[in-house]
Amino acid sequence: MFDIFGYDISGSSKVIKPIKKLASAARKRKVPVIYIAHCLMPGLVDIGPDAPFWYNKALITYRNKPDSRDKLIIRGTWGAEIIDELKPLESDIYIEKPRYSAFRGTKLDTMLRARNIKYLAFTGVATNICVESSLRDAFHLEYFPILISDAASTGSEAAQQVTITNVRECFGWVTTAQKFVNALK
């Protein structure tokens with residue numbers, strides 16, 4: 001989706017290896033691996049014109065360019081799929097979210113509390129949008145959020161650095177994949 005909007009997505013492929021390393025290390029230690037997929041229902045029935053999200057670039061594209069819908073974040077389309085290199089295992093948890101934050105419109109908070117999980121490591125794309133929105137909500141819900149800086153990417157190095165600074169100064173902790181894996185040991 002970001003590619004069709006003209007954003008630089010070259011950094012996105014750099015997060016695959018660190019995310020794989022993190023997921024593998026977590027699974028070995030019986031730490032839950034949770035996948036959050038930003039997916040909207042076909043026909044956008046979960047979004048309406050009264051919501052600010054209705055005016056998001058992706059949704060405008062959905063309404064105005066029907067030929068690009070399979071590249072967007074619509075459930076059941078190629079654009080909403082998790083890439084093959086990072087597909088969840090049966091033992092992983094998979095949650096679809098309708099908004100930027102993984103906590104909005106999902107049962108993530110309930111699921112985490114039922115498992116007494118307090119520490120959350122954040123990875124993914126885009127660092128300054130979905131990752132940061134989810135991380136901020138986690139902080140406000142009394143979780144301990146940790147941004148894995150080399151396992152999160154955005155189309156702008158400046159935006160990446162601003163999010164890292166925001167997290168480090170106000171909302172949690174920042175580390176690298178290797179340091180996190182070492183801490184799991």
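**View 1. Asp137 and its contacts from elsewhere in the chain.** Setting aside neighbours within four places in sequence, Asp137 is in contact with Ser101, Phe103 and Arg104. This is a predicted model, and the view starts with a single residue of helix H4. Is Asp137 buried, partly exposed or exposed? Its relative accessibility is 23%, so Asp137 counts as partly exposed, given that buried means under 20%. For a sense of distance, look for Asp70: the two residues lie 67 residues apart along the chain, and their C-alpha atoms are separated by 29 Å.

**View 2. An open sheet of three strands.** Step back from Asp137 to find the sheet, whose strands follow the order E3-E4-E5 with parallel pairing. Strand E3 (119-125) and strand E5 (173-175) are the edge strands, each pairing on one side only. From one strand to the next, the twist averages 30 degrees. In general, strands of a sheet pair through backbone hydrogen bonds, in either a parallel or an antiparallel way.

**View 3. Where E4 meets E5, and the helices on the sheet.** Strand E4 (residues 144-153) is joined to E5 by three bridges, and the two run parallel. To find one of these pairings, start at Ile148, whose bridge partner in E5 is Thr175. Helix H1 (residues 16-28) packs on the sheet, where H1 touches E3 and E4, and its direction makes about 140 degrees with that of E4. Helix H4 (residues 127-140) also packs on the sheet, touching E3 and E4. The direction of H4 makes about 165 degrees with that of E3.

**View 4. The two faces of E3 and its link to E4.** Which residues of E3 belong to the covered face? They are Leu120, Phe122 and Gly124, while Tyr119, Ala121, Thr123 and Val125 make up the uncovered face. As a general rule, side chains in a regular strand alternate between the two faces of the sheet. Six bridges pair E3 with E4 in the parallel sense, and Ala121 stands opposite Ile146 in E4. To get from E3 to E4, the chain passes through H4, making a right-handed β-α-β crossover.

**View 5. E4 and the route onward to E5.** Here the focus is on E4, where eight of the 10 residues are buried, so this strand is largely enclosed by the rest of the structure. From E4 the chain crosses through H5 to E5, and this β-α-β crossover is right-handed.

**View 6. Helices H4 and H5 side by side.** The axes of H4 and helix H5 (residues 157-171) come within 10 Å and cross at roughly 5 degrees. H4 and H5 are therefore roughly parallel to each other. On the H4 side, the contact is made by Thr127, Asn128, Glu132, Leu135, Arg136, Phe139 and His140. H5 contributes Ala159, Gln160, Thr163, Asn166, Val167, Cys170 and Phe171. Sorted by class, the contact has six nonpolar, six polar and two charged residues.

How values were computed:
Residues are numbered from 1 along each chain as its sequence is written. This is a predicted model: local features need pLDDT of at least 70, side-chain atom pairs count only at pLDDT 80 or more; totals for chains, interfaces and linings use all residues. Side-chain values use heavy atoms; hydrogens and water are left out. Two strands pair if DSSP finds at least two bridges between them. Helices (H or I, at least four residues) and strands (E, at least two) are DSSP runs, numbered from the N terminus. Axes are lines fitted to C-alpha atoms, for helices over the stretch in contact, and angles run from 0 to 180 degrees between N-to-C directions. Contact means heavy atoms within 4.5 Å. Buried means under 20% relative accessible area, exposed over 50%, partly exposed in between (1.4 Å probe, protein chains only). A crossover is right-handed if, with the strands pointing away from the viewer, the path from the first strand over the helix to the second runs clockwise. Angles under 35 degrees count as roughly parallel, over 145 as roughly antiparallel, 65 to 115 as roughly perpendicular and the rest as oblique. Ala, Val, Leu, Ile, Met, Phe, Trp, Tyr, Cys and Pro count as nonpolar, Asp, Glu, Lys and Arg as charged, and the others, Gly among them, as polar.
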